[in-house]
Amino acid sequence: MMPLVDSGAVPLTFWGREFEDSATETLFRESRFDETRLQLRHLFRAVAVLSLMVLVMLAAFGMAVPQLKPVGAAGGVIAFCSSLGGLWILGRARTPRNLETIFVIWQWCAVLAVILLIYAHDGRALFLVFLLPTALYLSAQISFQLCLGGGISVSLVLLYAYQGLPGSDTWQWGVALTVLLLNVSLAFCVVRTNRLQRLQWVSAQAERLARQRQRESEGQLQAVFQAVPLPLVVTRREDGRIMKFNEATLRFYGGPESELRSLKAYEIYVNPERRALLDSQIESQGHVTDFQLSLRIREGTRNVILAAAPVELAGEPCLVSALVDVTERTAVEQQVRYAAHHDALTGLPNRAAFQEHLQAALSGRSARQGVCLLLVDLDGLKDANDSLGHDAGDAVLCEIARRLVRLAGAGPMVARLGGDEFVIMLEASDALRQGQRIAHAIVSDLRRPFAHARHHLSTRVSIGIASCPEHDCSYRELMKAADLALYAAKQQGRNRYVVYAPDMRQVVQARLNLLRAMAEALERDEIEPFYQPKISLTTGQLEGFEALARWRRSPTSVLGPASFEMALSDPEMSVLLSERIIARVTRDVSGWIKAGYDCGRIAINLSAAQFSQRDLAANLLGQFRAGGVDPSCFDVEITETVFLGRDIGQVRATLHALRMMGVGVSFDDFGTGYAALVHLKQLPIDVIKIDRGFVKDIERDPFDTAIVRAVIDLGRELKMGVVAEGVETAGQARFLEDCGCEVAQGFLFYRPMPASDVAALLERESETVALSRRALFA
Ligand code: C2E
Ligand code: CA
Ligand code: CA
């Protein structure tokens, strides 16, 4: 393809009006090659015919001077032959220069022919003197130089030849002038033609160039459109028909091209009504960038994000849209969102989801709407985990979750806050009342044990309830209120629900203050045991002591456990206190033994909170040994609170381990708790301690009398020792002895005393002391 010339201003030469730039001129000539050759062909043919006519006429009419007839004939033959030769060789010409060469050779052959005609005194010669230059100027497109040079030189040669003819003198100047004028006007004519042709050519070139560039850019655009890896679709706005699409669209759609072409875009919308929304957004914003859409394609439904803008295609208003397939991304996002808001084990909403939900409920609440929170805390989960493994713990959690969901019903939200803590949130005009109803149902339902791998697992539950507007309506305060209520429920022995009350805050504050004070007391070594003797009612002899914790705040002020009861129920502090008491007791006992005294068995009280330690038995035994005293010198006293919220199997295992090493087990405060008889059967118990409450009115209250008698009989039957607590009068002691109670403890004999007083007591202890003591109530 011929290169194109840019359509800027292309300068032309002053004289010939050809392109100044030779390369452009060459291009121009080359572009006209065929036409120039055609012109030459016409010229050569015309001249061939003319010269043939001349030859025929010569043959028919002869010449003015007959002897010059061969000269004229030779001219005709030369013209004829050179034209034929020219025609033949034109077919072989390849370049404009070839054509010029052919033309110039032919031109001089024609000149020679005309000169011969002139010399043959042919009257037609004068006509040819004018005709030939005219033909040479006008008939062929050759360079201006050649054209002008050829024209002038041919005219001069012919003039010269002509003026040699007889009779030409009279015409001579006239002919010369005519030839001159002819040359000048023909040269102007050529110049003008040159200019016009070149201007035309340049503008035609410019047009072609513009068209070619447009074609190129359209091609590029198409290639880019096809190469974009995102699905691109052009649809007609009027009816949504798919007008154009790229390969990515075809791949995305997954169906044959013909099917896609026959579709209207909204026919694959999962919700065709989205089209109206899309249209209205484009109408109002001019375009859309993140329009979410579900499309039904060959292999199913895909979620896409669509960006679209109006375009015109083939004069019709259309919409060009790019699609981003976000199906996988949305699925992953949904999974991540689900995981972020749900508990993996139970599938319940987690703490984050609950927080969002509660905050939204509180902020969007109407004046008549209430929001109630139930904080649900499980006991026994740790036991299930420790004794039966984590599978059992997981099974408990899943079962609890199921039950909570069922008991809460359709409206409320049940979430797992973590560990063994769940929460239920409900919104209603009587939210608090409904909350209490659900809490009640939960407490009674969770008493029911459930089976896991041939074990019966049971849990106990504590529930704290707080409600908006009754208690507080801010997120933090409402949560805190529910937490305090939960704490109170645990304190009250668990397996219950407690509704928040404002004074709970003070209780918690008091507890924190006490724990701090106890920690300081331990640090200053202000905690010590006092000892209360246990006396045999039959012999009056000292049987042993019960160690009771005391807080010596100053040399004169000694506080009993009533002042720090909360510390004894705190899981961590109770362990620290116990360690300190045991350390002091073993030190004291080892001192008495070394001094040669028989102090009998020493009883140590264990709190329920201490049983949360899995290795309690090993710890206690370790502490006795560390103090250098044999474990068989000790008893432990437990109350029924150790079973609350605890697996009885674990308590039994601990007590067994202690008993194996000679430690005695006393069942303290017998009769004040629940199901004590069951525990007597299930546990390894050596001694039953009758609670002070029954002893107090033993002589007056027939009910207490009956109970005490029954307990003493029970002890005898079960071969357990019986100790009566809180014996303050001789009457009580007598009565107890009459009933068969062997050992008593109380102010009648001794108040709890410091270790220093015990040594003095042991010093005095003797047969006589015992007898005189016996005389106290005998
Ligand atoms: P408890 O085990 O029932 O201890 C007997 C309580 O009765 C003692 O109160 C004792 O001083 C009191 N008492 C004894 N005889 C009489 C009497 O004749 N009349 C009256 N009114 N009271 C009598 P204390 O020492 O104040 O202890 C109270 C409770 O504190 C104990 O009850 C025990 O449960 C707990 N406790 C005491 N020391 C410890 C300890 O070291 N560890 C643990 N975990 N608990 C302890
Ligand atoms: Ca006790
Ligand atoms: Ca007691």
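Ile535 of strand β13 stands opposite Ala744 in strand β21, and that is a good place to enter this predicted model. The two strands run antiparallel and are joined by two bridges, with β21 covering residues 743–744.

Strand β13 itself spans residues 527–536, and ten of its ten residues are buried. Look at either face and you will find cover: Ile527, Pro529, Tyr531, Pro533 and Ile535 are buried on one side, while Glu528, Phe530, Gln532, Lys534 and Ser536 are buried on the other.

Besides β21, strand β13 has further partners to visit. Here are its pairings side by side, each with a residue of β13 and the residue it faces.

| Partner strand | Sense | Bridges to β13 | Residue pair |
|---|---|---|---|
| β14 (residues 542–552) | antiparallel | nine | Gln532 and Glu546 |
| β22 (residues 753–754) | antiparallel | two | Phe530 and Pro754 |
| β21 (residues 743–744) | antiparallel | two | Ile535 and Ala744 |

Strands β13 and β14 form a hairpin with five residues between them, and there Gly540 takes a positive phi near 75°.

The partner of Gln532 leads us on to a metal site. Glu546 in β14 is the bridge partner of Gln532, and Glu546 also coordinates the calcium ion (ligand 2) through OE, alongside Asn605 (OD1), Glu637 (OE) and Asp668 (OD), at 2.0 to 2.3 Å. Along the sequence, the spacing of these donors reads E-x58-N-x31-E-x30-D. Glu546 sits in strand β14 and Glu637 in strand β17 (residues 634–638), so this pair ties together parts that are 91 residues apart in sequence. Both glutamates, Glu546 and Glu637, are buried. Asp668 has a further role in the geometry: Asp668 bridges the calcium ion (ligand 2) and the calcium ion (ligand 3), and the two ions lie 4.1 Å apart.

Now to the nonpolar interior. In soluble globular proteins, nonpolar side chains tend to be buried together. The largest nonpolar core here has 77 residues, and Ile602, Leu736 and Phe749 touch the most other members. Helix α19 (residues 571–594) supplies the largest share of this core, seven residues. Which residues is Leu736 in contact with, leaving aside its neighbours within four places in sequence? They are Leu537, Val695, Ile698, Val708, Ile712, Ala724, Val727 and Cys741. A second core, separate from this one, has 42 residues, including Ala110, Val129, Cys147 and Ala161.

Conventions. Residues numbered from 1 in each chain as written. Chains lettered and ligands numbered in written order. Predicted model: local features only at pLDDT ≥ 70, side-chain atom pairs only at ≥ 80, totals over all residues. Heavy atoms only, no water. Buried < 20%, exposed > 50% of the residue type's maximum accessible area, 1.4 Å probe, protein only. Helix = DSSP H or I, 4+ residues; strand = E, 2+ residues; numbered from the N terminus. Pairing = 2+ DSSP bridges. Donors = N, O, S within 2.8 Å, 3.2 Å for Na, K, Ca; no water. Core = buried A, V, L, I, M, F, W, Y, C linked by side-chain atoms within 4.5 Å. Contact = heavy atoms within 4.5 Å.
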